[in-house]
Amino acid sequence: AAKRGANVSRVEVAAFDEGRGLRAVEDIAAGEVALAVPTAAVIHQRNMKRANFDRLVAVRKHLNDQNGLFIAMLLMEKLSPGRSKFQAWLNELPARPAHVLFFSPAELEALHLRNNSYASVLPGQLKLVETVHAAIVQAQAEQPDLIPFRVTQEDVRWAAAITATRSVSCPHGTTIVPVADFANHRGDGAELRCDDAGVTVRATQDVARGEQLYVKYPSPTSGDSCPSWAMSYGFVPSDATTLYAFRWPNMAVEALQRDWEAFGCANQAQISDPEQLLDERNLKCGRLHYISYKKLDYDPEDPARLDAPADKAGGAVQAREEFAINMLRKAVLSNIKQMKNEPDVDAAALQVTPPGTLVHDLLRCANDLHRLHSESLAVLDARLNGLTGKSS
């Protein structure tokens, strides 16, 4: 990469407890560029060997999928005769990436992947592997001299997993950035930016010599759930267990939309602690969502604040809070209903899978998610019972 203008001298690939990552070889201050890789040095079809580009053109006749073409391109670079200019990087890649595509039948069974949302993305990825392999086989049949090497479905599965766990989206398309792709994720990690000139990784906090340089990965396009992280990146971050408290209300009423924005309500409020549901802002947003969901009349003069002036008996404030809690409760119950086929494992079952493995993290996440929803429902019911005077 350095030969093609990359500046990667401030970091090195090193082993850490969580696997390989990037270690700073000198102090890197917040705001400084930790590494920079120009477009000429990234993994992209414009940087392929000419022979491999011709092979990709032949495959393209049978494959109308940009992600699939990137997978095919990666295979051409790995399997074609002659040394790839990315050979040093290719030699460092794992033979069995940590990804659901490489789960064993026992691991798939442990997650009940045939019956729940953990399987929402897997069938599509398996289908893509079959489609890419079929396109390469067809191109080989038409031009055997152009693609004189054998490509198996196992090869395609490897390339698909590498693409899923290491690629980034850039203006010129799907890209893998050598060296930067070894960086591990953390929520407060360095910022990775990609433009027509290339890719830069800029530190967001000081990184001392010898410390690991983390990068903040973009949230998966399919959402922030544990399965989405596993399918997209091959791991589950420790902070991925969240509850979505309310989603995309119908904001047809202008005043409702205005207050929603004024309170800073998110289209998907993510809750990691049940007590957060009772935060004043979440109660306000929950009430607005309840009004929208039930298509109730909304008075533009009503600020929708739970601390607004109440009547003598305090009924106005109490009614507003009941509205809010009922909406939040409905959201939690809806989530629980959707989770009915998710794995619900106890501590003993969790110990069967080795800690640090992806399947263990997914099972842990499922377990934490069940507990979070149960505790959230208990918190909401307790507050609601307190408002209505009912005993629990």
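Strand 6 (185-195) and strand 7 (residues 198-202) pair in the antiparallel sense over 5 bridges, where helices (H or I, at least four residues) and strands (E, at least two) are DSSP runs numbered from the N terminus, and two strands count as paired if DSSP finds at least two bridges between them. With 2 residues between them, strand 6 and strand 7 form a hairpin, and within this pairing Leu192 stands opposite Val201 in strand 7.

Before I go on, please keep in mind that this is a predicted model, in which local features need pLDDT of at least 70 and side-chain atom pairs count only at pLDDT 80 or more, while totals for chains, interfaces and linings use all residues. Residues are numbered from 1 along each chain as its sequence is written, and side-chain values use heavy atoms, with hydrogens and water left out.

Turning to the sheet, there is an open sheet of 3 strands in the order 1-2-8, with antiparallel pairing. Strand 1 (11-16) and strand 8 (212-213) are at its edges with a single partner strand each, so one side of each is left without a neighbour in the sheet. Strand 1 and strand 2 pair over 6 bridges in the antiparallel sense, and Phe16 stands opposite Gly19 in strand 2.

Now to the pockets. A pocket, on a 1 Å grid over the protein atoms alone, is an open set of points where a 1.4 Å probe fits, with protein on both sides within 12 Å along at least five of seven lines, and its lining residues have an atom within 4 Å of a point. Grid points are joined across faces, edges and corners, and a volume is the space filled by probe spheres set on the points.

Which residues lie nearest the centre of the largest pocket? They are Glu18, Ala98, Asn184, Gly234 and Phe235, out of 34 that line this pocket, which holds about 1,000 Å³ of space. Strand 2 (19-24), helix 6 (153-166), strand 6 and helix 12 (358-388) each supply at least two residues of this lining, which divides into 15 nonpolar, 10 polar and 9 charged residues; here Ala, Val, Leu, Ile, Met, Phe, Trp, Tyr, Cys and Pro count as nonpolar, Asp, Glu, Lys and Arg as charged, and the others, Gly among them, as polar.

The second largest pocket has a volume of about 870 Å³, and of the 34 residues that line it, Thr163, Ala164, Ser167, Ser232 and Tyr233 lie nearest its centre. Helix 6 gives the largest share of that lining, 5 residues, and by class the lining has 19 nonpolar, 12 polar and 3 charged residues.
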